[in-house]
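The following account leads through a single protein model, from the packing of its helices to its sheets. The reader is invited to follow it with the structure in view.

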Amino acid sequence: MVGCPKRGITARSRAARGDVMSRTRPDGPCPTMRTCGGCAWLGIPYLKQLRRKHAALTELFEPLARRHEISICIDPVRGMGADSDSDTRILPPRGFRFKAATPFAPGMCGSLRSGFFARGTHEIIESEDCIVEAPGARRILHAVAVAAERSGVSAYDEDRRRGALRHAVVRLGRRSDEGMLTIVTSGREIAHLAAFVDRLRDIDPRVRTVAQNVNLRATNAILGSETRILVGPPRMRDRLLECDFEISPTAFFQTNPEQTEVLYRVAIEHMALDDGDVVLDAYCGSGTIGLSCAAHMRASGRPIRVIGVERNPAGVRDARRNAEINGLDAMARFVEQDATAYIAGAADAGDRVDVLVLDPPRAGASPELLAAAVRLAPRRIVYISCNPVTQARDLDSVLDAGFRLMRVTPVDMFPHTSHIETVAVLACAAG
């Protein structure tokens, strides 16, 4: 790079400087908090964040309560270290995101730019560290940019649709010393790939798996549909509650594992399970909720049966493997099928389901799925949502069908943001 003008922070200069700037910048807890947009509430005291979320949920569910002439119990928000009704001052959560990602863009003279997208744009904000990510996660992502520069791997230019490296995603274990790095490329064939992978292997001893995901589309989505393992085992392992889980590169696994355990405990409590119950886990992914539930009931001496439904073949494979790893394969089976079709078929066949667990994407459940769930008539429906707006819409139709809304419990999976996860429990009117 002799003769290149020095503009901005390159990947190599960031690596040499480490996280010195992030420790010494005087302007708040994070030097990029006002530009990257990832933690818009970072400057708000944490208990105030929790109370603000509880107030927002109360306001959101008020029209539902009025329409059905019921009183809806919104429990205190289960936060990290405190609930929303606590009077005890606590330290704000830090280092809780165990999955991190970066986009790449061309820099000066063959360098790569990495960091975060500025709020509402695709302009990259360079950052040496992130206080909400697991220790070392951002350093690993910066090191990917360094490795790419030194190996001659180009960054993807989304305007010109040229270049190879689009994103990198790292996941680290909270209860294990394992990690997985996925590089997202614009094509299957990458120049200098062998040299690049050799450098990636040396970034961090926790990163035992390096995968390549191919995203050929002009899209805002990070991942494409094609993934291959470049080096290491095909999955990493981490632990939630009393279960070990193997995670493949594109599998869904919550980014905040500490609060995931809180979420699952709340869900299991709301299920009010008994010996021999049948739990149907729709949108089961890699089986984390259903298997955690089965392990809990096994430990209490009241075994249950779990049926997990997932249309993603990779998720079903992971779920079946996770059942075997935890010795739960006799208690749990997993079906590769659309959740709506499966629930409708089970309702038509008169199959017994005591508890139905719904954990849909942000768009919520379809009217067809909700209608099938009502016909299935489980004793309880436990609806987990990352979008309370669509959850309230869906609950409206289930209440119209005669179910009773017993309670809503919020869990703060996303501190320093306006987002909240909610667990709603509905009881069948005949149950």
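**Helix packing and two mixed sheets**

In this predicted model, helix H3 passes helix H11 in a right-handed crossing. The two helices, H3 spanning residues 46-68 and H11 spanning residues 388-400, pack at an angle of about 15°, their axes lying 10 Å apart. Because angles under 35 degrees count as roughly parallel, H3 is roughly parallel to H11. On the H3 side, the contact is made by Leu 57, Leu 60, Phe 61, Leu 64, Arg 67 and His 68. Their counterparts in H11 are Pro 388, Val 389, Gln 391, Ala 392, Leu 395, Asp 396, Leu 399 and Asp 400. By character, the residues of this contact comprise nine nonpolar, two polar and three charged.

The discussion now turns to the sheets. One is an open sheet of six strands with mixed pairing, arranged in the order S2-S1-S5-S6-S7-S8. Its edges are formed by strand S2 (112-114) and strand S8 (226-231); each has a single partner strand, so one side of each is left without a neighbour in the sheet. From one strand to the next, the twist averages 25°. Within this sheet, strand S6 (residues 179-185) pairs with strand S7 (residues 207-214) in the parallel sense over seven bridges, and Thr 182 stands opposite Ala 211 in S7. Helix H5 (residues 193-201) lies across strand S5 (165-172), S6, S7 and S8, and runs at about 70° to S8.

Strand S8 also takes part in a salt bridge: Glu 226 in S8 is paired with Arg 188, which lies in the loop between S6 and H5. The side chains of these two residues meet at 2.8 Å, N to O, and the pair links distant parts of the chain, 38 residues apart. The structure holds 28 salt bridges.

A further open sheet, again with mixed pairing, contains seven strands in the order S13-S12-S11-S14-S15-S17-S16. Strand S13 (332-336) and strand S16 (404-411) are its edge strands, each pairing on one side only. Here the twist averages 15° from one strand to the next. S16 and strand S17 (residues 421-427) pair in the antiparallel sense over seven bridges, with Arg 404 opposite Ala 427 in S17.

Two helices accompany this sheet. Helix H6 (residues 257-271) lies across strand S14 (355-358), strand S15 (380-385), S16 and S17, running at about 165° to S16. Helix H8 (residues 313-325) packs on the sheet and touches strand S12 (305-310) and S13; the direction of H8 makes about 170° with that of S13.

Technical notes: Residues numbered from 1 in each chain as written. Predicted model: local features only at pLDDT ≥ 70, side-chain atom pairs only at ≥ 80, totals over all residues. Heavy atoms only, no water. Axes fitted to C-alpha atoms, helices over the stretch in contact; angles between N-to-C directions. Helix = DSSP H or I, 4+ residues; strand = E, 2+ residues; numbered from the N terminus. Parallel < 35°, antiparallel > 145°, perpendicular 65-115°, else oblique. Left-handed = near helix turned anticlockwise from the far one by under 90°. Contact = heavy atoms within 4.5 Å. Nonpolar A, V, L, I, M, F, W, Y, C, P; charged D, E, K, R; others polar. Pairing = 2+ DSSP bridges. Salt bridge = Lys/Arg side-chain N within 4 Å of Asp/Glu carboxyl O.
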